[in-house]
Each structure stands twice: as structure tokens, then as C-alpha cells.
Amino acid sequence: MSNANGQIILKLSKDGTELSYKLIAANLTSPRVGQHLHLGAAGVNGPVLVSLMSTAEPTANGVIAEGIITNGSLRQIIPGQVLTLAYLIQQIEAGNIYTNVHTTMYTGGEIRGQVK
């Protein structure tokens, strides 16, 4: 069991074209191997929609990812379907997006939390 915890801070631009993020973590047990926004309701695993860019060494605590999400940041999860930032926002508002921090000890995710 891990004592890690974290928080993601999201801010939508006034024109709705950019979603800035800052991901903060503490007490990770091992080096990070990735951090993402996934599509999935609470308790349901889902595909990665956005990879969150690292800002620190893999073992660092504090701000571990920071950047800006745009239409071009979203992964195509269904062939031929183009996802947009508006879709991501809609899914956040519906409670269907979670943040996951993956580490070498917890490859499936050491920290997971629904975005509110």
C-alpha cells in the first residue's frame, strides 16, 4: 500500500481553446513512468486521453507535470474519431475523467483520482 497523494489543478482559458494543468504529488514509492488523464468513471479503468508532460526528475515530489492541453493533445482512442478539448471538458463535467500517476512499483497507477 502506498502513502502517496496528489492533486491536479486545471484552468480553462477564457476562449476555451487551452486547458492548463499542474500535477502535484508527494510520497511516491518509486520513479514515475508516466502520468495521464484517462477516460473512465470512478472505479472503472479506461484509455489514456492525454499524457501529462513531466517537469521534474522521475523520483521527484512536488510539481511533477505541468503544461497546456489543446485539441491536438488528445489521443485518438477509436479509429477515425477525432477528440476535442470540448469533449474532454464535457467528460470532466460528467465525472468521467481521472488522473493516474504510474510508477515502477505501481505500474497500473500509484495515485488515481477523479477530476472534479
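## Two sheets and a few residues to look at

Let's start with a hairpin: strand 1 and strand 2 (residues 19–26) pair in the antiparallel sense, and eight bridges join them. Keep in mind that this is a predicted model. The hairpin has six residues between its strands, and one residue there to find is Gly16, with a positive phi near 75 degrees.

Strand 2 has a partner on its other side too, since the sheet order is 1-2-5. With strand 5, strand 2 pairs over seven bridges, again in the antiparallel sense. Put together, that gives an open sheet of three strands with antiparallel pairing. Strand 1 (5–12) and strand 5 (62–69) are the edge strands, and each of them pairs on one side only. On average, neighbouring strands here are turned by 15 degrees against each other, ignoring direction. Helix 1 (residues 85–93) packs on this sheet and touches strand 1, strand 2 and strand 5. The direction of helix 1 makes about 50 degrees with that of strand 2.

What holds strands like these side by side? Strands of a sheet pair through backbone hydrogen bonds, either parallel or antiparallel. Here are some bridge partners you can look up in the model, from both of its sheets:

| Residue | Bridge partner | Strand of the partner |
|---|---|---|
| Leu12 | Leu19 | strand 2 |
| Ile9 | Lys22 | strand 2 |
| Leu23 | Ala65 | strand 5 |
| Gly34 | His102 | strand 6 |

Now look along strand 2. Which of its side chains are buried, and which are not? Leu19, Tyr21, Leu23 and Ala25 point to one face and are buried. Ser20, Lys22, Ile24 and Ala26 point to the other face and are not buried. There's a general pattern behind this: in a regular strand the side chains alternate between the two faces of the sheet.

Lys22 is worth a stop of its own. This residue of strand 2 counts as partly exposed because its relative accessibility is 31%, which falls between the 20% and 50% cut-offs. Leaving out residues up to four places away in sequence, Lys22 touches Gln7, Ile8, Ile9, Val63, Ala65 and Glu66. Lys22 and Leu52 are 30 residues apart in sequence, yet their C-alpha atoms are 9.0 Å apart in space.

On to the other sheet. Four strands make up this open sheet, in the order 4-3-6-7, and the pairing is antiparallel. Its edge strands are strand 4 (48–51) and strand 7 (111–114), each pairing on one side only. From one strand to the next, the twist averages 25 degrees. Strand 3 and strand 6 (residues 97–103) run antiparallel and are joined by seven bridges.

Between strand 2 and strand 3 (32–39) there is a loop, and Ser30 is found in it. Is Ser30 buried or exposed? Ser30 is buried because its relative accessible area is 10%, under the 20% cut-off. The side chain of Ser30 reaches the backbone nitrogen of Met105 at 2.9 Å. Not counting residues up to four places away in sequence, Ser30 touches Met105 along with Pro58, Thr103, Thr104 and Glu110.

Finally, the rings. How many aromatic pairs does the structure hold? The count is zero. Tyr98 does have a neighbour over its ring, though: Arg112 lies over the face of Tyr98, at 3.4 Å from the ring centre.

Notes
Residues are numbered from 1 along each chain as its sequence is written. This is a predicted model: local features need pLDDT of at least 70, side-chain atom pairs count only at pLDDT 80 or more; totals for chains, interfaces and linings use all residues. Side-chain values use heavy atoms; hydrogens and water are left out. Two strands pair if DSSP finds at least two bridges between them. Axes are lines fitted to C-alpha atoms, for helices over the stretch in contact, and angles run from 0 to 180 degrees between N-to-C directions. Contact means heavy atoms within 4.5 Å. Rings of Phe, Tyr and Trp (its six-membered ring) pair if their centres lie within 6.5 Å; planes under 30 degrees apart count as stacked, over 60 as edge-to-face and the rest as tilted. A charge sits over a ring if NZ of Lys or CZ of Arg is within 6 Å of the ring centre and within 35 degrees of the ring normal. Buried means under 20% relative accessible area, exposed over 50%, partly exposed in between (1.4 Å probe, protein chains only). A polar contact is a pair of N or O atoms within 3.5 Å; within protein, one must be able to donate a hydrogen and the other to accept it, and residues adjacent in sequence count only if both atoms are side-chain atoms.
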